[in-house]
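Q: Please take a close look at the loops of this chain, and then follow them into the neighbouring helices and the way those helices pack. A connected account with the cut-offs stated would be most useful.

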Amino acid sequence: MPEPWRKRGRVPGILSGHDGQKQRRVDFVDELKEIMEELRELLGTKQYTRLRQHLTEINDADIAAFIESLDEEDLLKVFRILPKSSAADVFSYLEVENQQFIITALSDKEAAGIIDNLMADDATDLLEEMPANIVKKLLANASPETRRDINHLLRYPEDSAGSIMTVEYVDLKENITVQAAIERIRKVGVDSETINICYVLDRKRTLVGTVALRYLLLSQPDAVIGDIMHENVISLHTLMDQEEVARQFQKYDFTSMPVTDNENRLVGIITVDDVMDILLEEATEDMEKMAAIVPSDKPYMKTGIFETWKKRIPWLLLLMISATFTGRIITSFEDALSNCVVLTAFIPMLMDTGGNAGGQASVTIIRGLSLKEIEFRDMGQVIWKECRVSLLCGLTLAAANFIKLLFLDRVGMQVALVVCLTLVVTVFIAKLVGCSLPMFAKKAGFDPAVMASPFITTIVDAISLMVYFQIAASLLHL
């Protein structure tokens, strides 16, 4: 087996510089492909003993990737081959659909064994996606400790810190010695999410400090935990929104953070791997909202046609209905257009430019709101800045367009002035709408991502047409 992908393999030879890093990446990818092919060959030739041995030497995440590349029959077969010591770890890396398939295919005892060996937060996430009858069966066969931990996590609101935390952590009493603390870590650490940071509690389980494992190892055995702990503890509240949780991790660069209740009692911890999942989930949700799609928690290839239709059609209907106002505006100016037909040719350019300008402003503001770089109280500064930016952009576009209209399109001076003036006003209005709507949405309690390009484009289209025809009527006396 190629060494770099083994759990306890040798460190590959080091190459220097950018070329060395690129070469190592290529080698790793090639070796992983070779491993996958070898595993497929062993599975195809039914060499299950050798397959099991090879699987024990591979990283759990790579085993999960191999399992997910198989059909359902082979997927279940390989999972049953896995040693019990690694089955739960591999299971936690699988997609939810495959987890559900495996759980429902296993016997009650086997399924309960998997649930018992999962971290409580992973087990909770799985059960939240399962049908109620299966959840009831799994909990009935799980250990009392597992049932207690899962029920504890299920009582918190969805997307809160309490719902994503894990209850597997190392806590220490402030009055014990370093030697006693190390003995406790040896006893409970194997079932904990992390032992790098231990949390110090008083008699009422109030969080009073933290101590890093390295400090314990470097301290004298008879030193008291309360004397060496770090007292300035930054914690999260159980009801804190998961987006705010991610921001706290980004701000403080922690790998784990404690979660406390209203009385500052420690109830769980959140680790950085959970935060990575939050960031991916929130980024995906915002992208879908900005594209006028109802957010979905399923991968694209695993979402059915009917379900995809349901996610997309509500906003499409709303935008289509709102776009009828644009048509009514054009209809109301039919007489003016008939007197100067050339004006019709520039409608798409004006509408597209306005939509693009509004989209630029909205995306920038939505990002700033998400990262807490912008607050509603900054509305005045934001508008003032966008006013100046919009004038610069509008005048630049108008100047370039004026030259194009005169020398390439060969229209009259008055028509060119109408189009260019409309362009300046449209860009100005579009950027004001694009920057202000997300901020008003945030203030009203809505997700600002909803006020993204499709919604703003529809508004700006109607406004730009009204401006266009009013300027044309004034200058051209239509």
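A: Helices here are DSSP runs of H or I with at least four residues, strands are runs of E with at least two, and both are numbered from the N terminus. The model is predicted, so local features require pLDDT of at least 70 and side-chain atom pairs pLDDT 80 or more, while totals for chains, interfaces and linings use all residues. Residues are numbered from 1 along each chain as its sequence is written, and side-chain values use heavy atoms, without hydrogens or water.

The account begins with Lys-46, which sits in the loop joining α1 (17-44) to α2. Its phi is positive, near 60 degrees, although the residue is not a glycine. Most residues other than glycine have a negative phi. Lys-46 is also exposed, with a relative accessible area of 60%; buried means under 20%, exposed over 50%, and partly exposed in between, with a 1.4 Å probe and protein chains only. Beyond this loop, helix α2 (residues 48-55) contains Gln-53, which is partly exposed at 48% relative accessible area. Gln-53 and Val-245 are separated by 192 residues in sequence and by 41 Å between their C-alpha atoms.

Val-245 leads to helix α15 (residues 242-252), where Gln-242, Val-245, Ala-246, Arg-247, Gln-248 and Phe-249 are the buried residues. In an α-helix, with 3.6 residues a turn, residues three or four places apart point the same way. The N-terminal end of α15 is capped by Asp-241, which places a side-chain oxygen 2.9 Å from the backbone nitrogen of Glu-243. After α15 comes Asp-253, with a positive phi near 60 degrees.

A positive phi also occurs at Asn-264, again not a glycine, at about 65 degrees. Asn-264 belongs to the loop between β5 (256-260) and β6 (266-271), and its relative accessible area of 30% makes it partly exposed.

Another loop, the one between α12 (178-188) and β2 (197-201), holds Glu-193. This residue is partly exposed, at 22% relative accessibility. Apart from neighbours within four places in sequence, Glu-193 is in contact, meaning heavy atoms within 4.5 Å, with Met-119, Asp-121, Thr-166, Glu-168, Ile-269, Thr-271 and Asp-273. With Thr-271 there is a polar contact between the two side chains, at 3.4 Å. A polar contact is a pair of N or O atoms within 3.5 Å; within protein, one must be able to donate a hydrogen and the other to accept it, and residues adjacent in sequence count only through side-chain atoms on both sides.

Glu-193 lies 125 residues along the chain from Glu-68, with 25 Å between their C-alpha atoms. The side chain of Glu-68 in turn makes a polar contact of 3.1 Å with the side chain of Asn-98. Asn-98 belongs to helix α6 (residues 96-105) and is buried, with a relative accessible area of 14%. Leaving aside neighbours within four places in sequence, its contacts are Glu-68, Leu-75 and Lys-302.

In helix α8 (residues 120-129) one finds Thr-124, a buried residue with a relative accessible area of 0%. Outside its neighbours within four places in sequence, Thr-124 touches Ile-150, Leu-153 and Leu-154.

Two helix pairs complete the account. The axes, lines fitted to C-alpha atoms over the stretch in contact, with angles from 0 to 180 degrees between N-to-C directions, come within 8 Å for helix α19 (residues 347-370) and helix α21 (residues 413-443), crossing at roughly 30 degrees. These two helices are therefore roughly parallel, the term for angles under 35 degrees, whereas angles over 145 count as roughly antiparallel. By class, the contact of α19 with α21 has 14 nonpolar, 8 polar and 2 charged residues. Here Ala, Val, Leu, Ile, Met, Phe, Trp, Tyr, Cys and Pro count as nonpolar, Asp, Glu, Lys and Arg as charged, and the others, Gly among them, as polar.

Helix α20 (residues 379-407) and α21 also have axes within 8 Å, crossing at roughly 155 degrees. They are therefore roughly antiparallel to each other. The contact of α20 with α21 comprises 26 nonpolar, 4 polar and 2 charged residues.

Key. Parallel < 35°, antiparallel > 145°, perpendicular 65-115°, else oblique.
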